[in-house]
Amino acid sequence: ESRWRLLFAGRMDFLKGGLVLLEALPAVAASVPRPVRLVFAGDGPDRSRWERRAREIQGSHPGVEISFTGWIPQAQVSELLDDTDLLVVPSLWPEPFGTVGPAAGCHGVPAAAFAVGGIPTWLRNGVNGHLAPGDPPTASGLADAIIQCLIDPSHHAHLQQGARELGARFNM
């Protein structure tokens, strides 16, 4: 694959952090050795705002591609995970746990996320992804976590193995 493939899967509202993820993408694209493609799978009240910002970012950063799928069945989410290099969970609020991370792990997909709520229960920094500081969550912090996951292919392969191992520990 000639580009890094990132995935956001969930409800599109302010507290899920999609705008923060979008603001992080230019720094990511400038730092990693391949172009970046981000897929937003889901829907919600902020989708049109996120789509507008995505168009602006794509227009000024040629190494960034962003698409929106809308709501898709779980089987299609599973197919997306099979074609994803990194799950990004930019939640701004303290997620109680969230199943998307362990589900991604079952596909060998590491994650980058803010260290809020129950996310550190399934995301171990440097093992199956990287955590960004969550107090406060910032685009630069998230960009750093994403870059740590993608900057070195051998480290990314290590994170994929860690994602598989941690994903297998959770019963969905």
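This is a short tour of a predicted model, going from the whole chain to single residues.

**The whole chain**

Start with everything shown as a cartoon. The chain has seven helices and six strands. Followed along the sequence, these elements come in the pattern β-α-β-α-β-α-β-α-β-α-β-α-α.

Now switch to the C-alpha trace and turn the view. Along its principal axes the trace spans about 40 × 35 × 35 Å. For 172 residues, a compact globule would have a radius of gyration near 16 Å, and the value for this chain is 14 Å, which agrees.

Next, add a surface. The chain exposes about 7700 Å², and 53% of that comes from carbon and sulfur atoms. Of the 172 residues, 49% are buried. Looking at contacts with a separation of 6 or more, 72% are made between residues 24 or more positions apart.

**Helices α1 and α2**

Select residues 18-31, which form helix α1, and residues 47-60, which form helix α2. How are these two helices placed relative to each other? They pack at an angle of about 5°, and their axes are 10 Å apart. Angles under 35 degrees count as roughly parallel, so α1 and α2 are roughly parallel to each other.

Show the side chains where the two helices meet. From α1, the contact uses G18, L19, L22, E23 and P26. From α2, the residues to select are R49, W50, R53, A54 and I57. Sorted by class, this contact between α1 and α2 has six nonpolar, one polar and three charged residues.

**D85, before strand β4**

Move on to D85, in the loop between α3 (74-82) and β4. Is D85 buried or exposed? Its relative accessible area is 7%, so D85 is buried. To see what surrounds D85, select R3, W4, R5, R34, V109, P110 and H156; these are its contacts once neighbours within four places in sequence are left aside. For a distance across the fold, pick the C-alpha atoms of D85 and A157: the two residues are 72 apart along the chain, and these atoms are separated by 9.8 Å.

**G98, after strand β4**

Follow the chain through β4 (86-89) to the loop that leads to α4 (100-106), and select G98 there. G98 has a relative accessibility of 28% and therefore counts as partly exposed. Then add G117, which lies 19 residues from G98 along the chain. The C-alpha atoms of G98 and G117 are separated by 9.5 Å.

**H107, after helix α4**

At the other end of α4, go to H107, in the loop between that helix and β5 (111-114). H107 is partly exposed, because its relative accessibility is 27%. Which residues does H107 touch, leaving aside neighbours within four places in sequence? Select S78, L81 and D82 to see these contacts. As a further distance check, pick I151: H107 and I151 are 44 residues apart in sequence, with 21 Å between their C-alpha atoms.

**A cis peptide bond**

The last stop is P136, in the loop between β6 (129-132) and α6 (139-150). Show the backbone atoms of D135 and P136. The peptide bond from D135 to P136 is cis, and its omega is near 0°. For background, most peptide bonds are trans.

Notes: Residues numbered from 1 in each chain as written. Predicted model: local features only at pLDDT ≥ 70, side-chain atom pairs only at ≥ 80, totals over all residues. Heavy atoms only, no water. Axes fitted to C-alpha atoms, helices over the stretch in contact; angles between N-to-C directions. Helix = DSSP H or I, 4+ residues; strand = E, 2+ residues; numbered from the N terminus. Parallel < 35°, antiparallel > 145°, perpendicular 65-115°, else oblique. Contact = heavy atoms within 4.5 Å. Nonpolar A, V, L, I, M, F, W, Y, C, P; charged D, E, K, R; others polar. Rg over C-alpha atoms; globule rule 2.2 N^0.38 Å. Buried < 20%, exposed > 50% of the residue type's maximum accessible area, 1.4 Å probe, protein only. Areas by Shrake-Rupley, 256 points an atom, 1.4 Å probe, with all protein chains shown as cover.
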